[in-house]
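Colleague: Could you take me through a few local features of this model and explain how each one should be read?

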Amino acid sequence: MRIKGITWDHPRGYQPLRAVATEWGRSSGIVLDWDVRTLKEFGDMPVEKLVDLYDLIVIDHPYMGEAASKSLLLPLEDYLPKSFFAVQAAESVGPSYDSYEWKGRHYALPVDAAAQVAVIRKDLAGGIGWEPPVETQGLRAAAHRLPEGKFIAVPLCPTDIWCVFLTLCVQYKGGEIFTRSGIDEAAGCYALAQLQEWRAFLHPDSFRMNPIQMLDRMAAGNEIVYCPFSFGYTNYSRRNATGRRLVFMDAPRRSGSDVSTLLGGAGIAVSGRSVNRDVCMDFIRYVLDPVVQRTTYYINGGQPGHLSAWRDAACNSDSGGFFINTLDTMRKAYRRTGVPGFNRFQEEAADLVHAWAKQGADGAAVMPLLNKHYQLICHDKI
């Protein structure tokens with residue numbers, strides 16, 4: 001028997017799933033093939049395009065409302081025992097487990113956990129006696145303390161400027177930013193103004209890079225010393241990392257705010273069209289076993305979705321303390337709304353925010369436009 005799954009095109013996305021599938025296949029006798037799509041497609045590609053082609057889908061959590069409203073993914077409570085869900089809830093890294101729930105039912109479960117965290121080249125920073133800022137408001141002053149040719153960078157391509165924009169909104173607000181009318185306007189104006197100010201001191205390629213491109217640059221060259229907000233990748237902090245080993249840490253926060261950054265990660269779901277439902281559920285039980293998460297899944301390049309792996313001494317030793325050093329950020333991460341239509345909205349909003357930030361647009365004028373867009377796409381479907 002052969003089934004198919006789709007994940008995203010990065011070693012963190014496909015290597016652990018293929019390794020676990022091989023291990024599972026030895027006992028189950030089932031072949032599970034994993035295809036890949038780009039990181040942008042992972043966040044933006046409609047689930048409708050995948051459900052007829054794949055049994056298992058690795059998915060971003062803001063899709064839950066859309067998937068539920070169209071019966072695209074199976075509600076996992078109908079197929080898996082309560083005892084299994086109790087383990088998953090207990091193993092949640094921050095709000096990861098809750099992020100895949102919609103109206104009391106889970107349409108995916110976290111196989112991978114992430115949030116925007118900070119990353120530094122300790123060798124470069126130590127060589128010049130430079131310390132990263134604890135608060136987001138200190139970024140400009142910290143950048144000015146760097147010698148010529150050394151930079152702070154942030155991945156701010158359209159997809160990621162949207163994520164950083166939301167992080168800044170949440171840090172300003174200190175909590176939930178979305179209402180039925182859209183994003184809190186004062187928070188949005190603050191976030192847009194910050195992004196515009198950053199252009200004066202960030203690495204000049206920041207507005208073109210995604211996290212992988214920026215981390216590659218950090219590991220290969222000596223220009224970028226620090227990034228305050230990037231989705232973390234253990235691949236760059238492991239003993240076998242290519243290039244210079246990067247060190248990940250908790251992200252800076254706005255003074256007085258207890259909210260950290262935007263939640264990321266990936267969930268594993270089952271297509272509502274799959275005829276292999278029981279087999280898919282068996283694989284989910286296997287890949288989300290705590291022991292598998294902190295052994296086979298991690299060892300093969302994965303970033304586990306389970307808290308036991310984040311606390312595991314072997315995982316932390318191999319990854320330079322990646323997990324324990326960023327766990328506080330994960331615990332206090334912000335979960336985006338998952339209202340139907342949200343993914344279409346955020347894909348279009350990302351391009352708008354990217355253009356507005358580069359143009360120096362007035363937040364007081366653009367936030368009503370952004371929220372009108374939200375209301376047209378999302379508001380009437382809540």
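Modeller: We shall go through a helix, a cavity and some loop residues in turn. This is a predicted model, in which local features need pLDDT of at least 70 and side-chain atom pairs count only at pLDDT 80 or more, while totals for chains, interfaces and linings use all residues. Residues are numbered from 1 along each chain as its sequence is written, and side-chain values use heavy atoms, with hydrogens and water left out.

Colleague: Which residues of helix 4 are buried?

Modeller: An α-helix has 3.6 residues a turn, so residues three or four places apart point the same way. In helix 4 (residues 82-90) the buried residues are F84, F85 and Q88, where buried means under 20% relative accessible area, exposed over 50% and partly exposed in between, with a 1.4 Å probe and protein chains only. Seen down the helix axis, these buried residues fall within an arc of 95°, so they line one face of helix 4; the arc is that of the directions from the axis to the C-beta atoms. Helices (H or I, at least four residues) and strands (E, at least two) are DSSP runs, numbered from the N terminus.

Colleague: What covers the buried residues of helix 4, and which exposed residues does the face turned away carry?

Modeller: The cover includes helix 5 (96-99), strand 5 (105-106), strand 6 (109-112) and helix 11 (277-287), with contact meaning heavy atoms within 4.5 Å. The face turned away from the buried side carries K82, S83 and A90.

Colleague: Which residues other than glycine have a positive phi?

Modeller: Most residues other than glycine have a negative phi. Here S71 has a positive phi of about 55°, and this residue is found in the loop between helix 3 (64-69) and helix 4, where S71 counts as exposed at 53% relative accessibility. K103, too, has a positive phi, near 50°; K103 is found in the loop between strand 4 (101-102) and strand 5 and is exposed, with a relative accessible area of 66%.

Colleague: Is T337 buried or exposed, and what is T337 in contact with?

Modeller: T337, in the loop between helix 15 (322-331) and helix 16 (342-359), is buried, with a relative accessible area of 17%. Leaving aside neighbours within four places in sequence, T337 is in contact with P62, F178, F342 and Y374. The side chain of T337 also reaches the backbone nitrogen of V339 at 3.4 Å.

Colleague: Which elements give two or more residues to the lining of the largest cavity?

Modeller: A cavity is a set of points, on a 1 Å grid over the protein atoms alone, where a 1.4 Å probe fits but cannot get out, and its lining residues have an atom within 4 Å of a point. Helix 2 (39-44) and strand 3 (56-59) are those elements.

How values were computed
Polar contact = N/O pair within 3.5 Å; in protein donor to acceptor, adjacent residues only side chain to side chain.
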